[in-house]
Protein chains: 2
Amino acid sequence: MENQDVKQEVTDKYSLRGRVFHRIREDILNGKYKDHEELKEVAIGQELGVSRTPVREAFRQLELEGLIQIIPNRGAYVTGIKVKDIQDIYMIRSKLEGLCARWACEHITKEQLEEMEENIYLAEFHAARGHMEQMAELDNRFHNILYESCNSKMLEHLLKDYHQYVWRVRQQTLSSSRGAVSNVEHKFIMEAIKENNPDKAEELANQHMINAYENMLDKGLLELYEQ
Amino acid sequence: MENQDVKQEVTDKYSLRGRVFHRIREDILNGKYKDHEELKEVAIGQELGVSRTPVREAFRQLELEGLIQIIPNRGAYVTGIKVKDIQDIYMIRSKLEGLCARWACEHITKEQLEEMEENIYLAEFHAARGHMEQMAELDNRFHNILYESCNSKMLEHLLKDYHQYVWRVRQQTLSSSRGAVSNVEHKFIMEAIKENNPDKAEELANQHMINAYENMLDKGLLELYEQ
DNA sequence: GATAGTATGATTGTATACAATTATACGAGT
DNA sequence: ACTCGTATAATTGTATACAATCATACTATC
């Protein structure tokens, strides 16, 4: 099954459709294409140097991810990131990361635990020096390890999706002072998993998300996405 | 935004792609296409009387839903329903239906509450007479009302997806004696929402899913999907 | 007989051509 | 001036043609 992801990456890298899909996805998430903007097949095809076919296939996928809305015989329109959606995702993730941490207690491998410890150790180093970019990357990686350690492809896939979705906001959040605090929370979560305490791990992961969310609110970071 | 769903239905009904998508989806979920079976574009196109283009677009969507796996330049292979996936989904849904019920306390409309009451009342009637088909439909509808009442398009969409995914299993479960019990649980959930008690509503919805899951295990209904 | 290499056929990936639908502009009628 | 209808342009929906890739079978070589 890990195979599938590898294959997927290969697809995305070498097929035009995959490249178009990821490119448009990025452009929407990064704000190049604004809310309600119309995406035209030929225009995007020309911009990327491909025909309409791979563009259309990419559109179908983007629609299923909720990033665009396709109206039959009319066109594809960007569905921008809504503040409400981000809020909802944080609450949903709160529950699911809790579940993920709970399952991780039983299924995490020695290698994954070691990588977590290394991750946290490294993050302490970079936090002390204010290396924001590295912090963001390490945070990213910590959560991905957690997702992979729960032994559920379903949950892993779901959480990775949401994680991606709020990536931009998250990066800004971590660029604030929360980086160090967040890392300490990671440490507690890891320790709970290590001592195989599912209730504690769940509760901590739960709270970790809520803290991140409230920090975001406090800092007014969501206003960037106000409509 | 409710508009979007309507538009989507129109697409699915009138576009070839939408029809192909739903048809293949059904066929996979209903077991016509077995696990690991290869789906060939031309064959399916001929069977449905369309060209490869709409079939390919449908494939891309099915891949994103995880129902098929596309290996570049090789083909599309059915990813059958795994027992593990169903188990995971029930646990994920347990958490999310809880969250949904919690949010419903604040956001449910008078109309939705009335439809819920009617639903439960009707279900009592059919449960007493052993009308399994109606019970399944009413259960379906109850959960959909709940999803729609939480005021979160994100959560609603997610829960509806999962609900669909385990539809077959669920129907079998309800065809057993649990129908009446399940309806009583619905009643309690509704009452908790009605009296605006989020903690209680969440806990009850939570447990409702776990009960459904354990009933499924007890009855050995998952063995139908054993690989 | 086993294996490596090659040729052939099947299948997918992409581009393009044509059909259907929708939006826009223009003009006639009031 | 306004509205309705029609013509035209733009855009998407679908089908098909061609290119690239992969699987299979056959043959030559050891």
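Start by selecting Lys95(B) and Glu202(A): these two residues form a salt bridge, with their closest N and O atoms 2.7 Å apart. A salt bridge here is a side-chain nitrogen of Lys or Arg within 4 Å of a carboxyl oxygen of Asp or Glu.

The model is predicted: local features need pLDDT of at least 70, side-chain atom pairs count only at pLDDT 80 or more, and totals for chains, interfaces and linings use all residues. Residues are numbered from 1 along each chain as its sequence is written, chains are lettered from A and ligands numbered from 1 in the order in which they are written, and side-chain values use heavy atoms, without hydrogens and water.

**Stop 1: the interface of chains B and A**

Stay at this interface. The rule finds six salt bridges across it. Ten residue pairs, both at pLDDT 80 or more, are in polar contact there. That term means a pair of N or O atoms within 3.5 Å; within protein, one must be able to donate a hydrogen and the other to accept it, and residues adjacent in sequence count only if both atoms are side-chain atoms.

Next, select helices H1 (2-14), H4 (52-64), H5 (83-107) and H8 (153-165) of chain B, plus strand S2 (68-71). Each gives two or more residues to the side of chain B that touches chain A. Helices (H or I, at least four residues) and strands (E, at least two) are DSSP runs, numbered from the N terminus.

Which element gives the largest share of this side? H5(B) does, with ten residues.

Now widen the selection. In contact (heavy atoms within 4.5 Å) are 33 residues of chain B and 34 residues of chain A. The two chains bury about 3400 Å² between them, 64% of it on carbon and sulfur atoms. Buried area is the accessible area (1.4 Å probe) that two parts lose on being put together, summed over both. Pick out Leu64(B), Lys95(B) and Met154(B): they supply 19% of the area that chain B buries against chain A, more than any other three residues.

**Stop 2: DNA strand D**

Select DNA strand D. It is surrounded by 20 residues; the closest are Arg56(A), Leu16(B), Ser51(B), Thr53(B) and Arg74(B). Sugar and phosphate make up 71% of the strand's atoms that come within 4 Å of the protein.

Zoom in on Thr53(B). An N or O atom in its side chain is 2.6 Å from a base nitrogen of strand D. Then try Arg52(A), where the corresponding distance to a base nitrogen is 2.9 Å. Finish at Asn73(B): a polar side-chain atom lies 3.3 Å from a sugar or linking oxygen of strand D.

Key: Near = heavy atom within 4 Å.
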